[in-house]
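Welcome to this guided tour. Please open the structure in your viewer and keep the selection tool at hand.

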Amino acid sequence: MTEHDKTTETVTPETGAKQQHSEKKTSSEQKRSGLIGGVIAIAIIIAIGGGLYYFTQQNNATLVNENNELKQQLSDLIEQQNSDRQRLDALITANTEMKNQSREYEDRLNRRMQELQAHVTALSSSDVKSWLIAQADFMVKMAGRKLWNDHDPVTAAVLLKSADSSLAEMNDPSLLDIRKSINNDMAKLAAINQVDYDGIILRLNQLSNDVDNLRLADLNSGDAKNEDNAEVSDDISDWQQNLSRSWKSFTNDFITVRARDGSEAPLLAPNQDIYLRENIRSQLLIAAQAVPRFQEETYKQSLEQASTWVRAYFDTEAPETKAFLSTIDELINQPIDVEMPDALESQEKLEKVMQTRVRSLLAQSSDNTKANDGAVDAAADAAVPATETQKAEPADTPHPFESTEPAGNRG
């Protein structure tokens, strides 16, 4: 027999009872643990199901709210679209009415234009004469402006001649007195001495360019020239004179003594002649600017100052200086301010004719024009308020891509 069989055979009854009790105990514990595990599993299943149900309900509520918001936004957009469509229809209707009114207004203007063209075509000879009188009056007034503003009697005489030609075309004996006055004015202008202002300015500019050609005066010409400048002789017997001459020649290179009586101009420092020439140019420029302004006193003072400086510091015996001073003297003696007539005799008479003929005719024509334009103006006044209302209405219409919410509610 084996050892296992021996062991089995030696089991007592007490030992068997203990084994049965332990087996029962183990089976009960297993049943209890299985029951607890099932309860836990059921609890977990219930918790998971409750969580799923809760999240499902929350999602459903969120979807319902979002669906309601989308429906509300859709209804708002539909209402906005309907409102925009109504406004667009109103704008189209207003535009159509405005086009109809403008077409009617244009038709009336065309009819008025045709009437005016017919009126112009039917101008009488009296209207032509009135035009010629107005043209002559304009020419005379322009002659006065050229005479007193520009001191140009030549152009003024040409304008008066044109005015006389306009009156001559009328062949009206009642205007002979005016034509006589025009000829008297032309004779007065012809007696005025002509001044070539442009020529004076050109000569002054030329003098300004010739300043650089002037030669300064030789201030050493007044020095005494004696035997000190004589050459040394070759004779030995003249050794004393030669020594004296050599010594004086040597000292003259360092010291120069000049005898002056106060009649000569003061000496110029080195390079000071540049400033002197520029000052002379400035005086010539002032004289040139005074010519178109007819400032004769300023003109002469500037030329006299320039002449004084040239005579004081430049060689007056040089040909360039003589020609320069001769031109300045001629310009000084040339007057630039010429007396002009205080008034034109023909201007006052033409003004009276204008008042009696032309302006009365224009007043009658304007009255007729106002009577004919009454209906057109009334139509225009009636059309303006409607047009302004129609233009103001689209300002309240929002842009198609602009939000209709208040500014405070926008995110």
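Does Ala187 count as buried, partly exposed or exposed? Select Ala187 and show the surface around it. Ala187 has a relative accessibility of 48%, so Ala187 counts as partly exposed; the exposed class starts only over 50%. Keep in mind throughout the tour that this is a predicted model.

**Stop 1: around Ala187**

Colour residues 176–190 to bring out helix H5, where Ala187 lies. Now add Ala157 to your selection. Ala187 and Ala157 are 30 residues apart along the chain, and their C-alpha atoms are separated by 8.7 Å. Try drawing a distance line between those two atoms to see this for yourself.

**Stop 2: a nonpolar patch**

Next, select Ile36, Ile40, Ile44, Ile48 and Leu52, and switch on the surface. These side chains make up a nonpolar patch on the surface, and their accessible area together is about 480 Å². Zoom in on one of its members, Leu52. Leu52 belongs to helix H2, which covers residues 13–121. Is Leu52 buried or exposed? Its relative accessibility is 54%, so Leu52 counts as exposed.

**Stop 3: a tour of salt bridges**

How many salt bridges does a search of the whole structure find? The search finds 14. Let us visit some of them.

Start with Arg277 and Asp273. Their closest N and O atoms are 3.7 Å apart, and the two residues form a salt bridge. Show helix H8 (residues 273–290) as a ribbon: because Arg277 and Asp273 are four residues apart in H8, about one helical turn separates them. Are these two residues buried or exposed? Both Arg277 and Asp273 are buried.

Now move to Glu345 and Lys349, whose side chains meet in a salt bridge with an N to O distance of 3.8 Å. Both residues lie in helix H11 (residues 345–372), again four residues apart, about one turn of the helix. Glu345 has a relative accessibility of 32%, so Glu345 counts as partly exposed. Lys349 is also partly exposed, with a relative accessible area of 24%.

Then select Glu317 and Lys322. A salt bridge joins their side chains, at 3.9 Å from N to O. Glu317 reaches 57% relative accessibility and therefore counts as exposed, whereas Lys322, at a relative accessible area of 45%, is partly exposed.

For the last selection at this stop, pick Asp137, Lys141 and Glu351. A network of salt bridges links these three residues.

**Stop 4: helices side by side**

Hide the side chains and return to the ribbon view. Which way does H8 run relative to H9? Select both helices and turn the view until you can follow them from end to end. H8 and H9 pack at an angle of about 160°, and their axes are 8 Å apart. That angle makes H8 roughly antiparallel to H9, because angles over 145 degrees count as roughly antiparallel. The crossing of H8 and H9 is left-handed.

Keep helix H9 (residues 296–313) selected and add helix H10 (residues 319–332). These two helices pack with their axes 10 Å apart, at an angle of about 160°. So H9 is roughly antiparallel to H10. The crossing of H9 and H10 is left-handed.

Notes. Residues numbered from 1 in each chain as written. Predicted model: local features only at pLDDT ≥ 70, side-chain atom pairs only at ≥ 80, totals over all residues. Heavy atoms only, no water. Patch = residues over 30% accessible without salt bridge, like charges linked within 9 Å, V, L, I, M, F, W, Y side chains within 5 Å. Areas by Shrake-Rupley, 256 points an atom, 1.4 Å probe, with all protein chains shown as cover. Salt bridge = Lys/Arg side-chain N within 4 Å of Asp/Glu carboxyl O. Buried < 20%, exposed > 50% of the residue type's maximum accessible area, 1.4 Å probe, protein only. Axes fitted to C-alpha atoms, helices over the stretch in contact; angles between N-to-C directions. Parallel < 35°, antiparallel > 145°, perpendicular 65-115°, else oblique. Left-handed = near helix turned anticlockwise from the far one by under 90°.
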